[in-house]
Amino acid sequence: MTNTHKHITEVQKATLRRLPLYYAYLEKKWHEGVISISSTAIASSLKLNPIQVRKDLASVASTSGKSKVGFAVRPLLDDLASLLGYNNTTEAIVVGVGKLGTLLLSYGGFEAYGMHLVAGFDTDVTLHTKTIEGKPIFEIAKLPSLVKRLGIQIGVIAVPASEAQKVADLLIASGIKAIWNFAPTIIETPHNIVVRYENLAASLASLSSMLEKATFEASQSINEENSPQTTLPNVKSEGPKSYNPKTKRKETLW
C-alpha cells in the first residue's frame, strides 16, 4: 500500500523532533547492510515506545511497513530526507565566533543534514582577516548585505545572552527567516520567524538529573534483590469438622 508524500506541515511537532533521530539511526543501519527493519527494533535501539515509533514512521513513510518484515530502509530514508529538507542544502551564517561559534563553523557534519554554514560574523576586529575551515569571518556591519545577496534564510546565534536579542533583531531585519539560538536566553521574534533553542547548560542539567534517577532506581533494585525473603510455614489446611455422636469426637468432613 502506497501513501502520498507527506508535507512537513502535516507532521506533528513532537514527531518532527524525533525524525532526525530516526534518520541518523536508519542511515547507520543502511550502511551496515540492513535493507528492512521493524518499528519494534528501532524503538528498542533508541529506547523509545514502539507504538509511538510505529505512528511516527507511518505519518511520514510513502510506503507502509509490512507485517513481520517492517519498513524498507532505503525508501524510508528517502522519505525522511525529503521531508526534513536534507536533499536541499540551505545556507546559514553564524553570529558570534567565540569558542562555540568556532566549533560550529569547524564542524563538517551539518551538510549531511542539509545545512551549509557559509560565514561567521563577530565584533572582534582581529578575526576579520581569518577563516575557519575555509569560511570567512566578517564584521557585523556586512551582515545585512551578505544575507540579502546570497538569500540566506538561517542565522545561528552564538553570542552571550546579553547580546542575543540585539543580534536576533539584526538577523530578522536583514531577511533571516529561521534562527538557531545557542544563547541561554529567550528572544522575542515575530510569529512568522522560526526559532530553535539549544541551551547546553540546561541539557547537561537534565542529563545529570536523569543519571541521578537511574542510579537511584538501580540501587533500589539491588536492595530488593539482596533483601531476605520471608517464607510462611506450609501449614496443611483442614476442612470443616462435624461432631460424631458414636465416637463423641469432632471429625473432618473431607
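**A pocket lining and a ring cluster**

Guide: The lining of the second largest pocket is made up of 9 nonpolar, 3 polar and 3 charged residues. The model is predicted, with local features needing pLDDT of at least 70 and side-chain atom pairs pLDDT 80 or more, while totals for chains, interfaces and linings use all residues. Residues are numbered from 1 along each chain as its sequence is written, and side-chain values use heavy atoms, leaving out hydrogens and water.

Visitor: What makes a residue count as part of a pocket's lining, and which residues lie nearest the centre of the second largest pocket?

Guide: A pocket is an open set of points on a 1 Å grid over the protein atoms alone, where a 1.4 Å probe fits and protein lies on both sides within 12 Å along at least five of seven lines, and a lining residue has an atom within 4 Å of a point. In the second largest pocket 15 residues line the space, and Val 95, Thr 123, Ile 140, Val 159 and Val 167 lie nearest the centre. Val 159 counts as nonpolar and Thr 123 as polar, because Val is listed among the nonpolar residues, while Thr belongs to neither the nonpolar nor the charged list.

Visitor: Which helix gives the most to that lining?

Guide: Helix H7, a DSSP run (H or I, at least four residues; a strand is E, at least two), covers residues 161-174 and contributes 4 residues to the lining of the second largest pocket.

Visitor: How do you know whether Phe 182 is buried or exposed?

Guide: Buried means under 20% relative accessible area, exposed over 50% and partly exposed in between, with a 1.4 Å probe and protein chains only. Phe 182 has 12% relative accessibility, so Phe 182 counts as buried. The residue is found in the loop between strand S8 (178-181) and strand S9 (194-197), and its C-alpha is 7.6 Å from that of Val 159, although the two are 23 residues apart in sequence. Leaving aside residues up to four places away in sequence, Phe 182 touches Leu 100, Leu 104, Val 156, Ile 157, Ala 158 and Glu 198, where contact means heavy atoms within 4.5 Å.

Visitor: Why is the pair of Tyr 107 and Phe 110 described as stacked, tilted or edge-to-face?

Guide: Rings of Phe, Tyr and Trp (its six-membered ring) pair if their centres lie within 6.5 Å, and planes under 30 degrees apart are stacked, over 60 edge-to-face and the rest tilted. By this rule there are 4 aromatic pairs. In one of them, Tyr 107 and Phe 110 have ring centres 4.9 Å apart and planes at 85°, so the pair is edge-to-face. Trp 180 and Phe 182 also pair, at 4.7 Å centre to centre, and their angle of 55° makes this pair tilted. Ring pairs join Tyr 107, Phe 110, Trp 180 and Phe 182 into a cluster.

Visitor: What makes Tyr 107 buried, exposed or partly exposed, and how does Phe 110 count?

Guide: Tyr 107 has 47% relative accessibility, so it counts as partly exposed, whereas Phe 110, with 15%, is buried. Trp 180 and Phe 182 are both buried.

Visitor: How do you know whether Lys 47 is buried or exposed, and where does Lys 47 lie?

Guide: The relative accessible area of Lys 47 is 70%, so the residue is exposed; it lies in the loop between helix H2 (39-46) and helix H3 (50-60). Lys 47 has a positive phi, near 60°, in a residue other than glycine.
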